[in-house]
Amino acid sequence: MSGVHPAWLGGLGGGSGLGDDVVLTRDPLCGLEAEAYTIARSGGVTTVVAADEAGLMYGSFHALRLDGELAAQTHRPFVARRMVQHWDNVFVHPVMGQVERGYSGGSLFWEDGALTDDLDRVGDYARLLASVGINAVSLNNVNVHAGEARLLTDRLSEVAALAARFRQYHIRVYLSVSFAAPMVLGGLDTADPADERVKDWWATATQRVYATIPDFGGYVVKADSEGQPGPFAYGRTHADGANVLAAALAPFGGEVYWRAFVYNHRQDWRDRSTDRARAAYDHFTPLDGEFAANVVLQVKHGPIDFQPREPVSPVLLSMPRTSLAVEFQATQEYTGQQRHVCYLPPMWSSVLSTVAGAVDAVVTVSNAGDDRYWTNHPLAQANLYAAGRLAWDPALDPTALLDEWIGLTFPPAAAGVVHELMRDSWAVYEGYTSPLGVGFMVHPGDHYGPDVDGYEYSRWGTYHFADRDGVGVDRTRATGTGFTGQYPQPLADEHESLATCPDELLLFFHHVPYTHVLHSGKTVIQHIYDTHFQGAAAVAEMVGRWAALPPETVGEDLHARVADRLREQERSANEWRDQINTYFHRKSGIPDAQGRRIY
Ligand code: GCU
């Protein structure tokens, strides 16, 4: 196929960035697996060989990143399933807006009830995702409201129009569906997975989908979670529920991504026996081995909900007979909402270093919208970029990926500043927000900004238990909720013991006095003061660094956008610093050893 201009490049030379010095060879007999490619560059000529079109495409995108000579290397994806999920609504939701937890403007796919008329932008987005190795996208919110449920039936032509754009880049399209669809759409009086009429309804609906979109990927399901319908209403298990949808999809090679985010969201804060961190494991591990082969159990990377710091979910280490997906959140719900710089790949990479061998899929909740920079904060693009690259190869170094993205995005004169702003930005964010893994000291509802007790007496199961003596959640086997026992060894013992529990997770697993001495040698209270002063000071420095970069280096508009977001980050970081420090000073009565200003 050398010399042909494949659709996914928009024509060689013309806008693709690939020059005549790139030779693409598709050779079905080359011995490479699906999506894999061999790339080399010598004497100024790059050669890419693959057995299939997708491999050739990934190799071409690699060619765009190349700089200098390269001895032949073969690249193959670590997992076959690399998905981006959108929480987009078709209709503007009264509380959640067009995109649930979306901070980048409206949806790329729908505009207030109708399919976008800018399908070219969708094509550009598909190219962007493919360039980093993403091969699956689910289009709509996991909370499926009535209007959105109809994407599966009478609005299918819209899904087909989007699928046509994604197909050009070897990306398959998925839909979030409601477990109650047989009732909501089919007029049945039940969604019981054991009912024959329900099975038939799913089979027929799915046949229609494949008649319209033959390469449709499958369904994403949030069931029995935060008010969504599910199999519990009928006394059935989640395996019963997932397997009905899986049976409907199996004849067409489709898959169900079934979410493990199931917990009691109507907890009584007085009830100390219920621990939200335990919920996914308690619900799902007894079902290991019971899911159909085309069900992928999709598990959030931590046991609670995308906090700036959580331990790895034990579910990911405990279901060897189930296909598993790890779910990351690029949309920065709890990590600054794309107003704060927070480069997340160091977090994802550390999760992947623990679970990579156990997962079959990597799923990332998208942070992109119809904003002109895609992600509101222009620097937040790096999270989407690296999410794809890490799904392809979890061993890639997050800092190297950052530099790769910077090199493709900014002129050399800006590279150093952007690198300095971003490299440690997750640690900086963690520093000025909730300390030592305790999480959820955010403003209820919108989850932006500090509110230490905002969730303390709520129904959501996210408590820190701070009193005058200490803070943290006792999740030990010895005296707490027993959550540490859900981990395999050596993690179970490591988390259980104060002697071995890592500082950054201390308050996730233990309730300790403010005077408890960390491995770092500091007391908990002094750590809280120090990290909050340091975190906010680091943001002030970032503001100065960016201001010192001449705007024309990156373009005035982009410079102004980043400057504006940095000002908000600085304001917010100061607010976090002062509220957290004041709160813990008042609770503990212990002064800051350095006598800094606390209110
Ligand atoms: C979080 C988020 C919700 C979302 C949910 C989920 O709780 O706040 O908006 O629906 O995660 O992942 O399903």
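1. Strands 2 and 3 form a hairpin in this predicted model. Two elements are joined by a turn of 2 residues, and Gly 43 in that turn has a positive phi of about 55°. The pairing of strand 2 (residues 37-42) with strand 3 is antiparallel and comprises 5 bridges. Within this pairing, Ile 39 stands opposite Val 48 of strand 3.

2. Strand 3 (residues 45-50) also pairs with strand 1 (residues 22-26), here in the parallel sense and again through 5 bridges. The bridge partner of Leu 24 in strand 3 is Val 48, the residue that stands opposite Ile 39. Val 48 therefore has a partner in the parallel pairing and another in the antiparallel one, as the two pairings are defined by DSSP bridges.

3. Which residues of strand 3 are buried, and which are not? Thr 46, Val 48 and Ala 50 point to one face and are buried. Val 45, Thr 47 and Val 49 point to the other face and are not buried. In a regular strand the side chains alternate between the two faces of the sheet.

4. Helix 1 covers residues 53-65. With 13 residues at 1.5 Å each, the helix should span 18 Å, and the end C-alpha atoms are 19 Å apart, so the two values agree. Helix 1 is mostly covered, with 11 of its 13 residues buried. Among them are Leu 56, Met 57, Tyr 58 and Phe 61, together with Ser 60, His 62 and Arg 65.

5. UniProt, in an unreviewed entry, lists residues 73-367 as "domain: Glycosyl hydrolase family 67 catalytic". In the model this span is 27% helix and 19% strand, and its end C-alpha atoms lie 32 Å apart. The next two points concern strands with residue numbers in that range.

6. A run of parallel pairings goes from strand 11 to strand 15. Strand 11 (residues 172-176) is joined to strand 12 (residues 218-221) by 3 bridges, in parallel, with Ser 176 partnered by Val 220. Strand 12 is in turn joined to strand 13 (residues 255-259) by 4 bridges, also parallel, and Val 220 stands opposite Tyr 257 there. From strand 12 the chain passes through helix 7 (residues 238-249) to strand 13, a right-handed β-α-β crossover. Strand 13 pairs with strand 14 in the parallel sense over 4 bridges, and Tyr 257 stands opposite Val 296 in strand 14. The chain makes this step through helix 8 (residues 279-284), again as a right-handed β-α-β crossover. Strand 14 and strand 15 (residues 323-329) then pair in parallel over 5 bridges, with Val 326 of strand 15 as the bridge partner of Val 299.

7. Strand 14 (residues 295-300) has 6 of its 6 residues buried. Val 295, Leu 297 and Val 299 point one way, and Val 296, Gln 298 and Lys 300 the other way. Both sets are buried, whereas in strand 3 the face with Val 45, Thr 47 and Val 49 is not.

8. The largest nonpolar core has 177 residues, of which Phe 166, Trp 202 and Trp 546 touch the most other members. Leaving out residues up to four places away in sequence, Trp 202 touches Leu 152, Val 177, Ser 178, Phe 179, Ala 181, Pro 182, Tyr 219, Val 244, Leu 245 and Ala 248. In soluble globular proteins, nonpolar side chains tend to be buried together.

9. The same kind of record, an unreviewed UniProt entry, places "domain: Glycosyl hydrolase family 67 C-terminal" at residues 375-596. This span is 50% helix and 2% strand, with end C-alpha atoms 37 Å apart.

10. His 377 lies in the loop between strand 16 (361-365) and helix 10 (381-392). Is this loop residue buried or exposed? His 377 counts as buried because its relative accessibility is 1%, under the 20% cut-off. Apart from residues up to four places away in sequence, His 377 touches Gln 338, Arg 339, His 340, Val 341, Val 562 and Arg 565.

11. Arg 389 lies in helix 10 and is buried, with a relative accessible area of 9%. Beyond its neighbours within four places in sequence, Arg 389 is in contact with Arg 65, Val 132, Leu 396, Leu 401 and Glu 404. One of these, Arg 65, is a buried residue of helix 1. Another, Leu 401, is 12 residues from Arg 389 along the chain, and their C-alpha atoms are separated by 7.8 Å.

Notes. Residues are numbered from 1 along each chain as its sequence is written. This is a predicted model: local features need pLDDT of at least 70, side-chain atom pairs count only at pLDDT 80 or more; totals for chains, interfaces and linings use all residues. Side-chain values use heavy atoms; hydrogens and water are left out. A crossover is right-handed if, with the strands pointing away from the viewer, the path from the first strand over the helix to the second runs clockwise. A nonpolar core is a set of buried Ala, Val, Leu, Ile, Met, Phe, Trp, Tyr and Cys residues joined through side-chain atoms within 4.5 Å. Buried means under 20% relative accessible area, exposed over 50%, partly exposed in between (1.4 Å probe, protein chains only). Contact means heavy atoms within 4.5 Å. UniProt positions are given in the numbering used here, feature names are shortened, and annotations may be inferred rather than shown by experiment. The expected span of a helix is 1.5 Å times one less than its number of residues.
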